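This report covers strand pairing, salt bridges and helix packing in one protein chain. Please keep the sequence and the 3D view at hand while reading.

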Amino acid sequence: MSSNGSINSATAPRLGLSDPIFTGGPTQFDAIKTRELEKFLADAGLYESQEEAIRREEVLGRLDQIVKTWVKNITRAKGFNEQLVQEANAKIFTFGSYRLGVHGPGADIDTLCVGPRHAKRDEDFFGELYRMLADMTEIEELHPVPDAHVPVLNFKFSGVSIDLLYANVALWAVPEDLDISQDSVLQNVDEQTVRSLNGCRVTDQILRLVPNIQNFRTALRCMRLWAKRRGVYSNVTGFLGGINWALLVARICQLYPNALPSVLVSRFFRVYNLWRWPNPVMLCPIQEGSLGLPVWDPRRNFRDRQHLMPIITPAYPCMNSSYNVSTSTLRVIMEEFRRGNEICEALETNNAGWMTLFEPFPFFEAYKNYLQIDIAAENDDDLRKWKGWIESRLRQLTLKIERDTNSTLQCHPHPGKFSEKSRPLHYYYFMGLRRKEGTNAQEGEQFDIRLTVEEFKHSVCMYHSWCPGMWIHVCHVRRKNIPDFVFPGGIRPPPATKPAGEMLSVAKTKGGSGKKRKQDEVASGTNSKEIASSSTDLGLHAEKSAKERFDADVKGISNDARFPDNTSCYGPEGEESVRFSPPVVPSGSPSGLPEPGKENIVRENTHEPFVGHGSPLKEFDEFENNLGMTSQVQGFIGTMKVGPTAKQEVAAEGKGASSSSKWLQNGSLDELEPIELTGLVSNVASTSASEAPRKPSIRLNFTSLPKATGSSA
């Protein structure tokens, strides 16, 4: 292994489903760019101090001793003999960013407590252990969440934020050297334990499947920072979360096993800018396993064929970690990949710097129309619960708007929340709205989404932990009326000079396809032109040959490795469908019958519009450059104080692989490598209205203009 951490590709085993794209070693130019990148990341404050690292280790050690004491106490209390009490043990594992080694200062630590079979989750973990922690002066902000999809205890231990999961395995005594990567640990356990173990198992498997852990960590730190600054780091709102970015970076490390972090970042954007979704990203073949647990398989499971951006976890049971991605959020992510690729091409010719890549996305300058969602509660504890519930449901608002407008009105949710000092116990969320590019806007055409929003508010009303004072309000707001507190320092920036919705792009080098680097003087003082003259010719030839081979390999893989039954990825949908009753359409929607082969939603006893919902495989769209947008507000979407109501069940709503109940055994799946993106259109047919809609409160009016202006009207 060289000083730069490259591996010997001649002796190293192949990682991933295919051969690497390029195995050549790094050039001196790559090393220079990597040093610049590492300095940028350090200046951005991504690395914790030595003192904080030591404090985290001490906290984890204390927590491990606490759970060992806890499990002995409950073993004795349950009447077991003294020998079993002495053998009783629990063990703390870490996962997530801390286990991957990419956490930053102040980041929380994802932890897992593994206990024996007689230490139950509800009565012991959320009972006795909770009481032990509550009595400790070092513990602050202790919040149990037993009814979450993955039950968790949140707290601060000596100032360090901890998210503690629990898994009780089918063992009377947990050995200190327990290997949770073995599938046998999943035998005879409940679904919550499987989900709790999954985080650790996936994290450990990622580290086993990358050729160089240090280069992987640096590239992943870079991509996490980039995603946060560009507003695409949020699993709950329909973008990608920490595990998704880790899997994407790990796949690039497999394809370029000897590349330094700067090259990995550049190739990340090159590869995923060309990736033809919904072809899945996988680090290894999907294993069926022997325990009968459900795994991701679009050939067998209709819900899995609905996923737009599958990123598959490498540990059994393999699942799609990105099932939250919608048509609208996929559009945003792909546009950001395109922008990143352009900037990285300019970086290779010294026509851009790392700062350009990490410029924050100007969310409140990018659109002319927004939805504003305000929530409030009467006290901090109620607001914390209400906020968590609302955030978990905001993605549904995006999906409902896409559904009721046939995806012609696209949403861009902001991944963060905002607050105003003058209004405590309030939070604000925003969604950018724009017409889908390529659709014709007629004069005076309006999007009536009032009933859609009312349906969303009705769904959040069903919160089982509702308390008096929990409140939600949704309204349409123009860009010029965005409140000042959303801007840094509460100061609204001057009007943008670019047209609304137009993305910043980097001019490509004249005559340059990115294959030849125009290397100028770099900050380190090394003359990159001399480097180019001495070492670049061979590297450029190898890179060019590798790219030509890559293009040829991609075509071959695409022809040979398609899912045989996954027709929705390449053409019309499968013939599965469910019936809907009664069909009602929002005002302004064209009437018509559902197309054959489309899945439709079943909703009982509803008085609100609910249109057929087909496969969300929509064509990929560019950001809007030539459409101006104006709006008419004919009132407000009313303020709603919510309370318990009768719950209306919505059937056939895809929620990802984890919601499936039964799977068929089949062979392993193959990965499709990236090729040029092709539009995949699956239009959703509207249904005729059987009920006259009420007078709308919000209508968005989109008018085609000869040329978009830069005004903030």
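Is K385 buried, partly exposed or exposed? The model discussed here is predicted. In it, K385 is partly exposed, because its relative accessible area is 33%. The same class applies to D381, because its relative accessible area is 33%. These two residues form a salt bridge in which the closest N and O atoms are 3.5 Å apart. Both lie in helix α13 (residues 380-404), with a spacing of 4 residues, about one turn of the helix.

## Salt bridges

Side chains of opposite charge can pair when their charged atoms come close. In this model the count of salt bridges is 31. Three of the pairs are listed below.

| Pair | Distance between closest N and O atoms |
|---|---|
| D43 and K39 | 2.9 Å |
| D190 and R121 | 3.2 Å |
| K385 and D381 | 3.5 Å |

D43 and K39 belong to helix α1 (residues 28-43), and because they are 4 residues apart there, about one helical turn separates them. Both D43 and K39 are exposed.

What does the pair D190 and R121 tie together? D190 is in the loop between β5 and α6 (191-209), whereas R121 is in helix α5 (residues 121-134), so the salt bridge ties together parts that are 69 residues apart in sequence. As for accessibility, D190 is partly exposed, with a relative accessible area of 35%. R121 counts as buried because its relative accessibility is 6%, and the cut-off for buried is under 20%.

Salt bridges also link D64, K68, K91 and E176 in a network.

## The sheet

How many strands form the open sheet, and in what order? There are 5 strands, ordered β1-β2-β5-β4-β3, and their pairing is mixed. At the edges are β1 (91-95) and β3, each of which pairs on one side only. From one strand to the next, the twist averages 25 degrees.

Starting from the β3 edge, strand β3 (residues 139-145) runs antiparallel to strand β4 (residues 152-157), and 5 bridges join them. V145 has V152 in β4 as its bridge partner. The connection from β3 to β4 is a hairpin through 6 residues.

β4 also pairs with strand β5 (residues 160-168), in the antiparallel sense and over 5 bridges. Along this pairing, N154 stands opposite D163 in β5, K156 has S161 in β5 as its bridge partner, and F157 stands opposite V160 in β5. The hairpin formed by β4 and β5 has 2 residues between the strands, and S158 in the turn has a positive phi of about 55 degrees.

β5 and β2 pair in the parallel sense, over 7 bridges. One contact of this pairing is the bridge between V114 and its partner A167 in β5.

Two helices pack on this sheet. Helix α2 (residues 50-77) touches β1, β2 (109-115), β4 and β5, and its direction makes about 35 degrees with that of β5. Helix α6 packs on the sheet as well, touching β1, β2 and β5, with its direction at about 120 degrees to that of β5.

Why is β5 described as largely enclosed by the rest of the structure? The reason is that 9 of the 9 residues of β5 are buried, so the rest of the structure largely encloses this strand. Both of its faces are covered: one side carries V160, I162, L164, Y166 and N168, the other S161, D163, L165 and A167, and all of these are buried.

## Packing of α13 on α14

Two packed helices are described by the angle between their axes and the distance between the axes. For α13 and helix α14 (residues 450-460), the axes come within 9 Å and cross at roughly 150 degrees. That angle makes α13 roughly antiparallel to α14, because angles over 145 degrees count as such. The crossing of α13 past α14 is right-handed.

Which residues of α13 meet α14? They are W386, W389, I390, R393, L394, L397, K400, I401, R403 and D404. On the α14 side, the residues met are T452, V453, E455, F456, S459 and V460.

Key. Residues are numbered from 1 along each chain as its sequence is written. This is a predicted model: local features need pLDDT of at least 70, side-chain atom pairs count only at pLDDT 80 or more; totals for chains, interfaces and linings use all residues. Side-chain values use heavy atoms; hydrogens and water are left out. Two strands pair if DSSP finds at least two bridges between them. A salt bridge is a side-chain nitrogen of Lys or Arg within 4 Å of a carboxyl oxygen of Asp or Glu. Buried means under 20% relative accessible area, exposed over 50%, partly exposed in between (1.4 Å probe, protein chains only). Axes are lines fitted to C-alpha atoms, for helices over the stretch in contact, and angles run from 0 to 180 degrees between N-to-C directions. Angles under 35 degrees count as roughly parallel, over 145 as roughly antiparallel, 65 to 115 as roughly perpendicular and the rest as oblique. A crossing is left-handed if the near helix is turned anticlockwise from the far one by less than a right angle, and right-handed if clockwise. Contact means heavy atoms within 4.5 Å.
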